[in-house]
Amino acid sequence: MTPLAYDGPPALSVANAFSQWELDPYLACGITIVAALYVLGVVQMRRRGDGWPWLRTLSFLVGGLGSIVLATMSALGVYDDTLFTDHMVQHMILSMVAPVFLALGAPVTLALRTFRPRSRKALLGVLHSKVARFFTWTPIAWAHFVLLPFVLYHTQWYAATLQHTWLHELLHVQILVAGCLFFWPLLGLDPLPGRISYPARMLVTFLSLPFHAILGLSVMLQTSLIAGDYYRELGRPWGPSLSADQYAGGGVLWATGDLVGLLFFGVMFFQWQRAESRTAVREDRRLDRLDRTGRRAAAAAVALPDQMPTAETEPARDLPWWEVDAGPLAERVRRENWADPRD
């Protein structure tokens, strides 16, 4: 194709990286509504005297929603259809950074604790539906998260998203949803279906790590350009060559995927250790309660021997013959819960 006159954003520089912002009115409206609902839930919790960790609020509003704004409306959103490297950074934020921070905010738990009974019942119905169970089932969520980038960059799908704005916006949503469906059940803060044990979470996280490196290497070593017709027709007169841009984008996918994955792996291990510590503390408390109860009972038996029930003072009960009679057979029947031998 013969390149047309370039009609895109200016050359990327440090100044433009901070000054080039593009407001998406629909996305901004949606994020504002979600943030307002979350803040309203936190305020309602505090008004009735229940605490809500400020770290969860900060994670959801700043780390989660803030990452989405950064990826879609800052310079990353302005240059995402001009530079392949820029798109890769955006992809990693939407798929691995924003979902983790959104999950740490525990929005589903907040909703269940603040919704009215009818709304709470409706939300629980959605969470327990077959559709939710299917998409949060670990093999499906893992396959969706891992295979989506392979299909995107090794077919004509990515080129189509560059040529159609609505498909480009839909891709952002799908990348974010894939990350949420994968990471939320693994973090386990919200009562979502698909939660598994901590050893299984560690295994699933570990199995997802190599695929970012494999995909990144495949992009870096690919001889043909991904969406080459689009980028050649764009005719960008500044910045790296198309092949160098694609090579750098593959490196971003490889490096950031492994880095974020290893950090999440560490978070999983830390959560596992905390869960084990809490379980040990609960078990120690239970044993302490049993020990105190036993000591009180023994002290009562020593202090008030006349009030302890005996065979003479215990009220008569209408018992079967094998519980009244003495002897080895009666004891064995009581121990093994046999039926009446006379039946």
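What is the relative accessibility of D50? D50 has 28%, so D50 counts as partly exposed. Buried means under 20% relative accessible area, exposed means over 50%, and partly exposed lies in between (1.4 Å probe, protein chains only).

The model is predicted: local features need pLDDT of at least 70, side-chain atom pairs count only at pLDDT 80 or more, and totals for chains, interfaces and linings use all residues. Residues are numbered from 1 along each chain as its sequence is written, and side-chain values use heavy atoms, with hydrogens and water left out.

**Exercise 1. Find the partner of D50 and place that partner on the exposure scale.**

Step 1. Apply the criterion: a salt bridge is a side-chain nitrogen of Lys or Arg within 4 Å of a carboxyl oxygen of Asp or Glu.
Step 2. The partner is R48, with the closest N and O atoms 2.7 Å apart.
Step 3. R48 has 42% relative accessibility, so R48 is partly exposed.

**Exercise 2. How many salt bridges does a search of the whole structure find?**

Step 1. The search returns three.
Step 2. R48 with D50 is one of them.
Step 3. D229 and R232 also pair through their side chains, at 3.1 Å from N to O.
Step 4. R236 bridges to D245, where the closest N and O atoms lie 3.9 Å apart.
Step 5. As background, side chains of opposite charge can pair when their charged atoms come close.

**Exercise 3. Which helix holds D229 and R232?**

Step 1. Fix the term: helices (H or I, at least four residues) and strands (E, at least two) are DSSP runs, numbered from the N terminus.
Step 2. Both residues sit in helix 13, which covers residues 228–234.
Step 3. Their spacing is three residues, about one turn of the helix.
Step 4. D229 has a relative accessible area of 44%, so D229 is partly exposed.
Step 5. R232 is at 41%, so R232 is partly exposed too.

**Exercise 4. Are R236 and D245 buried or exposed?**

Step 1. R236 counts as buried because its relative accessibility is 12%.
Step 2. D245 counts as buried because its value is 2%.

**Exercise 5. How many disulfides does the structure contain, and how accessible are C29 and C180?**

Step 1. The cut-off for a disulfide is a pair of cysteine sulfur atoms within 2.5 Å.
Step 2. The whole-structure search finds zero disulfides.
Step 3. C29 has a relative accessible area of 45%, so C29 is partly exposed.
Step 4. C180 has 15%, so C180 is buried.

**Exercise 6. Which residues form the positive surface patch and the nonpolar one?**

Step 1. Patch residues have over 30% relative accessible area and no salt bridge; like charges are joined within 9 Å, nonpolar side chains (Val, Leu, Ile, Met, Phe, Trp, Tyr) within 5 Å.
Step 2. R285, R289, R292 and R296 form the positive patch.
Step 3. R285 belongs to helix 14, residues 242–303. R285 has 53% relative accessibility, so R285 is exposed.
Step 4. W54, L55, L58 and V62 make the nonpolar patch, about 440 Å² in area.
Step 5. W54 lies in helix 3, residues 54–73. W54 is exposed because its relative accessible area is 58%.

**Exercise 7. Where are A106 and A227, and what are their phi values?**

Step 1. A106 is in the loop between helix 5 (84–104) and helix 6 (107–114).
Step 2. Phi of A106 is near 50 degrees, positive in a residue other than glycine.
Step 3. A106 has 0% relative accessible area, so A106 is buried.
Step 4. A227 is in the loop between helix 12 (198–221) and helix 13.
Step 5. Phi of A227 is near 55 degrees, again positive in a residue other than glycine.
Step 6. A227 is at 14%, so A227 counts as buried.

**Exercise 8. Set sequence separation beside spatial distance for the pairs L186–R201 and L221–G250.**

Step 1. L186 and R201 are 15 residues apart in sequence, and their C-alpha atoms are 5.8 Å apart.
Step 2. L186 lies in helix 11, residues 165–187. L186 is buried because its relative accessibility is 3%.
Step 3. L221 and G250 are 29 residues apart in sequence, with 8.6 Å from C-alpha to C-alpha.
Step 4. L221 is part of helix 12. L221 is exposed because its relative accessible area is 64%.

Key. Accessible areas come from the Shrake-Rupley method with a 1.4 Å probe; for residues, only the protein chains shown count as cover. Lys and Arg count as positive and Asp and Glu as negative; His and the chain ends are not counted. The place of a charge is taken as NZ of Lys, CZ of Arg, CG of Asp or CD of Glu.
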